[in-house]
Every structure is written in C-alpha cells, then in structure tokens.
Amino acid sequence: QKQFDTVIHILIILYSNAPVIQLRLAGEKRKHYEGRVEVFYNGEWGTVCDDDFSIYAAQVVCRELGFMDAESWSPSAKYGKGEGRIWLDNLHCTGGEKSLAQCESNGFGVSDCKHSEDVGVACTQKRIPGFQFIRNQANNDESLTVQVEDVRIRATYSHRRRIPITDGFLEVKDGGKWRQICNEDWTEKNSRVICGMYGFPGEKRVNMRPYKLLAKRRKKNYWGFSVNCTGNEADLSDCKLGREIELKGNHTCEKGMPVVVSCVPGRAFAPSVSAGFSKAYRVEQPLVRLRGGAMIGEGRVEVLKNGEWGTVCDDNWDIRAATVVCRELGFGSAKEALTGARLGQGIGPVHMNEVQCSGFEKSLTECYFNREALGCSHEEDAAVRCHVPAMGFNKRVRLSGGRNPYEGRVEVLGERNGSLVWGTVCSDSWGTMEAMVVCRQLGLGFASHAFQETYYWQGDASADAIVMSGVRCSGTELTLDQCLHHGRHVDCPKGGGRFAAGVSCTQAAPDLVLDAQVVEQTTYLEDRPMYILKCAQEEHCLSSSADNADPSSYRRLLRFSSQIHNNGQTDFRPRAAHHSWIWHECHRHYHSMEVFTHYDLLSLNGTKVAEGHKASFCLEDTHCNEGIQKKYECANFGAQGISVGCSDTYRHDIDCQWIDITDLKPGDYLFQVVINPNFEVAESDYTNNIMKCRSRYDGHRMWTYNCRIGETITLLGS
C-alpha cells in the first residue's frame, strides 16, 4: 500500500509539473474536427511526430480540444507539412491523461523527425458538454482559432415559430453556458460565416431597433473574446480568435450590444414565395448543378459549358471552392469537399481542373481554373456536401415497425378533425420515386425498395388510419407533402392497415448510364424474313403490323448495340427475387426484369412512330474496368445484376436488339433509348437514363447522329 501511495504521489507531482501547452488542428483539405496536431509551447507553435503515436494519444488530443473522442489518426503529414519546431516525438499515452504534455515522450523539442512525419487526428464531431476551453499564453497568438462548444442563432419570441430561423441574437456555448458576443468589433464577414454554417448563402442588414429594446431588458452574459473572420471560412471554428473583452458585469460592452445575425435563405428554403422573394430570385439557366447525392445539398459537381454538362477534376479541390458551389446553389457553406468520385462518376467531358477560389466568387465559373484536364478521369470527379437550413422536415414523417431505422411503414403528420395526428399513406401508385422523397426527407439516403404491403411490419396501432392518398412525386421534392396528393379528401379503396405504404432506405445506390457513342457507331438497317422472327414476335419485339404479315415477307429493323455502365456506388440488382424470374425458351435463359429498357423512334414533336422495345433482359457483367472482378452472369441460372465499374453489353446482332421500322415513312426523327423506364430499381440519378439521337431516313438508309445523354437532349432541336 505504501509503495502504491508513493507511485500515486510521484504521478501527481509529475502531472502537476507538466508544462502548460495549447493545442490546435491545422492543415489542408480538412474539416474543423480534424487536422495536423500543433502544439503551442515556449512561445511558439510546433508539430508532433508520428513515431509511436497511437489512438490513445489521439484521444488525449481530441479531449484536450473539447471533443468527446478520437475517430482515427494519420501518419506521414496527411494534412500537409507543418512549420517550425517538432515539439514532441515518441509519445506514449494511456488515453487517460488530461493533456498531451502529461504523456511520456523524449521531452519537448527532442526529436529526430522531419515535417513529412507530422501526425494528424480526426475527432468525433460531438463536443464535451460544459467543456471550458483553457486559454493561456497562446491567447496573444494571432493564429489561434475560435473554440467553443456550440453556436446558435436565438430567435426572438415572435420569430421562434418561423422555419427556417434566419434572424436572432448570436450565442456561443462555452463552459456549459450560452453567452452573447459583444458587437463592438463584429463585421459583416463574421455574419457571412455564421449564415453559411446555418445553411444560408448570404447575410443581410437588420433593423436593430427591436433588438436594442430587447437587449436592454435582458440579462446579458458576454463571452470574453471578439471574433475575426475573413468571410470565406466554412465554419466559425476556422475563424481567428479576436481580442480579449474585459468582462465588467453590467458595464461589459458599454459601447455596443449583443451581436444580431440576419441571413438570406436560398430559394428552396424561403419561408414564403412572396412578391419580394420572386423579385430577389431571377430564374436563370444554372451553370452549376449537383448530381448523385443522397441528401439535400450534396452531390457530384457538374458544370455547363458550350451547351454540355461536364464534371470538375479534384486536383486542388478544397473547402473554399466547395463553399462557392454551395452558396451559388442557395445552400450555406460547405461541410465537406469530396474527392475521388466519392458520390459517383459523371459522364461527358471534364470541364475544370485545378480550381482555385478566393471564396467570394458568385459562381464556380468565376474561379481560376486550368482548362486542360490532362490526366483527369471521372474517377477524380469532385463533389460537395453543403450546410442546409434546419427545416424540421424529418419531424413530419417517420418509419415504424421495421427491423432497423432504415425501413418501415411510412407514417406522416396529417390533419384530422382540425388537429395534427400521425397516420399512414395509401399505397395506390406508391413507387420508387415516392420512396426516394421519404428517404431524403428523413436524411436516410436513397430508396432501396418501395412497398405496397406492410402487414409484416407492426406499426403504431394509433397511426393505422390513412391520412394521405394519391401521392405522386417527380423525385426532386424535399418533402412528401410537396408531391401531388389528394389533400384533405383522402381516397384509398384498398384501405390502410396491411396495404399502407412502406420503404427501405440505403446510403448508396447504383447509377446506370448508356454509352451514347456505342449506339451511334453501331446503328444500321437489316431486312429480315418473318419466318426467322418467330421468337422475337412471341416477345413482342415487332410492331403490331407483324401479326398479320405474310411469313415470307421481310421486316425492316433498325439494329444497334447498347452498352449500359454502372457508374454508381453499389451494384444494380433486379427487384424480382430469383424464384420469380421468367424463363424464355427462345433465348434459353431467365429474364430478371420484364421492363428494363424502351427503344422508340419519335417524330420531332415527340410522338411515337415506331417501337420495338427489348423489354425484358438478363442482366450480367459483360465487361469490367481494370481490377474489378465479374460477379454476375446469366448462364446456369446465375445471379443477375451489373456490378459497380462494369457494363452489360447487348450486341446489335442478338434478338430484339432493334426497332421495327417496316411501316416508317422517310423523314427526320428522334431515336430514344430509356433505361429502367418504370424506375423499378432505385438509382442515384435518373436524369442520365435517357438517350436521344437525331435520325434521318430516306426509305433506304438511316443516318443516326448527335446522340446525347440526359438533359442535353434539349439542344437537339437546333
């Protein structure tokens, strides 16, 4: 016992003698809760070497900075090389130390490392409740950033019911208490950063009179510092700590008052589309868009140039450039700048490379960039995740009875007898598009399946009654009640209960894209005798006039190859289970999807003039990118699907890979291919599922040209 007490006593002396240090996270391409570990000691900032560093040391760093825990640590200067001294090397922590200075090491400044070995950590985003940030000799250092537990815009009582909250007193939580900031040194640039954090693209001036009256009546509890933001930071924690404010009770901030922030919401989140708002937002052709994201305000960045959408290469892609994109699209600042096609690969050209933004540009197209995208492929497509306003969308819908939080019967807040109650949704016409909106509204990602029967999920019995029916969504809505529906007059012949609508959601989805070039290069005409088209006729691959055709007659077929690539983040799998696949005697294999594509020829005004849809398909990996193993094949009742990075090719010479144009008159037409036309399987992007080409037929030959994917088809009329 005496020995144990002596050891404890020595440890207490050691701990109490540990030098006082200050920590910060710094570096490139990082979020505010991760970065290179930097230590302020003996009047200067330095780094920590990665030798012997461990997750226990990372935990000490994160807790010393006010985060609950550490997620991971990174060696070899992941966040860039630091400067100055390497203060600590060969660190050995148990994880229980209160400061990194208490861990065993070689001693301060004793190191044989280079800055290429600077260590970095990633902390959990959650802050320690009531954490008091100890600010010591580093306070005078200009590069110290703002560290607080939390930030909020506190609306006045009359504005509290407004959604979203755009105006109010700014408060920071430090040491477990909410405190106001003195506005003596406050700038519009500071407000711009706060608005960005809260999902708003900009700030505006505010009428201070009502706030001054309120501030006089309220008891104030000021924070002891001012804030210095440049205006292009993505978060308050990236701003520099300003001068120390002398706290003198009621006499604190005598020349000023608490900071008030007023933000301008993006069009999608505006409280009401009044005359003022419609004037403020001119509807223009956007030059930038997001694709392939599961949540509101995230996606692969795509840019319109010379009438064609293309992607952005991730070389030098950073939080500043991402923030310009987010603000341009009516969101706040960027939460993350994503690289390496994290939100799926795009198609078409790579329009921008090595983008450099100041952070104040109105559009990404105003930033400096290298027009040469040499060496850039779609594997390097840049993406963003933006801050979006707290709209409370997820509080108006819930999933009930599922085996996990990602599935269940859909229950919504609906009006009955003048009050809001939870109820179910009629499953008539319920499909993937409706399920997509529910999953997005709940922040659960993409839809995996839409269910028209949910008897196997025991929902809340008090919510059995149908409160919403006739739901039809386009897939772009932010909430289910923005979709077309019957309103107060519910009409559901099936009734609720076992027939209530349900969904399952997933974080990743496939994304099928047709290779337009392959179609254009392989199109030709063939005259084929009826007597060898029996199989095709059985599968409805010929036009209706073939039913009465002479067996010795010929059909004129527009043949082509189609190569369908999966650019998404997960495999494309048929919805139908193995046992329900249909055996096709003619082709001697099972078809897992009865309607997978539509092949049509349209007049220039969009009327169908011929069709020959190769409706049902057997899905398999015909060709895969380098390093990817084939998973799916049709032979021997094998598993069917299209793997990520693989394509399914239907050659021009197989049955039904055509459009029957026997009855077509000479003229100009649109040739159209639509993949997954009934949205039977959920995808991250349906806009690239359609391809249109211009076609000219002179009665003998067919020219096919200008094949385009997605929304670029609007250019075809020229």
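## Asn232, helix H6, cores and cavities

The side chain of Asn232 reaches the backbone oxygen of Ser358 at 2.7 Å, a polar contact being a pair of N or O atoms within 3.5 Å, where within protein one must be able to donate a hydrogen and the other to accept it, and where residues adjacent in sequence count only if both atoms are side-chain atoms. The model is predicted, with local features needing pLDDT of at least 70 and side-chain atom pairs counting only at pLDDT 80 or more, while totals for chains, interfaces and linings use all residues. Residues are numbered from 1 along each chain as its sequence is written, and side-chain values use heavy atoms, with hydrogens and water left out.

Asn232 lies in the loop between strand S11 (225–228) and strand S12 (240–244), helices (H or I, at least four residues) and strands (E, at least two) being DSSP runs numbered from the N terminus. Asn232 counts as buried because its relative accessibility is 11%, where buried means under 20% relative accessible area, exposed over 50%, and partly exposed in between (1.4 Å probe, protein chains only). The polar contacts of its side chain include these two.

| Partner of Asn232 side chain | Distance |
|---|---|
| Thr230, side chain | 2.7 Å |
| Ser358, backbone oxygen | 2.7 Å |

Leaving aside neighbours within four places in sequence, Asn232 is in contact (heavy atoms within 4.5 Å) with Arg320, Ser358, Gly359 and Phe360.

Helix H6 (residues 319–328) is largely enclosed by the rest of the structure, because 7 of its 10 residues are buried; among them are Ala321, Val324, Cys326 and Arg327. H6 is followed by Gly330, whose phi is positive, near 90°.

A nonpolar core is a set of buried Ala, Val, Leu, Ile, Met, Phe, Trp, Tyr and Cys residues joined through side-chain atoms within 4.5 Å. In the largest one, which has 30 residues, Val410, Val425, Trp430, Val438, Leu480 and Val503 touch the most other members. The elements giving two or more residues to this core include strand S22 (407–416) and helix H7 (432–441), and H7 gives the most, with 6 residues. A second, separate core of 29 residues includes Val519, Leu601, Val673 and Val681.

The largest cavity, a set of points on a 1 Å grid over the protein atoms alone where a 1.4 Å probe fits but cannot get out, is lined by residues with an atom within 4 Å of a point, including Arg24, Phe67, Gln147 and Asp238. By class, the lining has 4 nonpolar, 4 polar and 4 charged residues.

Terms used. On a 1 Å grid over the protein atoms alone, a cavity is a set of points where a 1.4 Å probe fits but cannot get out, and a pocket is an open set with protein on both sides within 12 Å along at least five of seven lines; lining residues have an atom within 4 Å of a point. Ala, Val, Leu, Ile, Met, Phe, Trp, Tyr, Cys and Pro count as nonpolar, Asp, Glu, Lys and Arg as charged, and the others, Gly among them, as polar.
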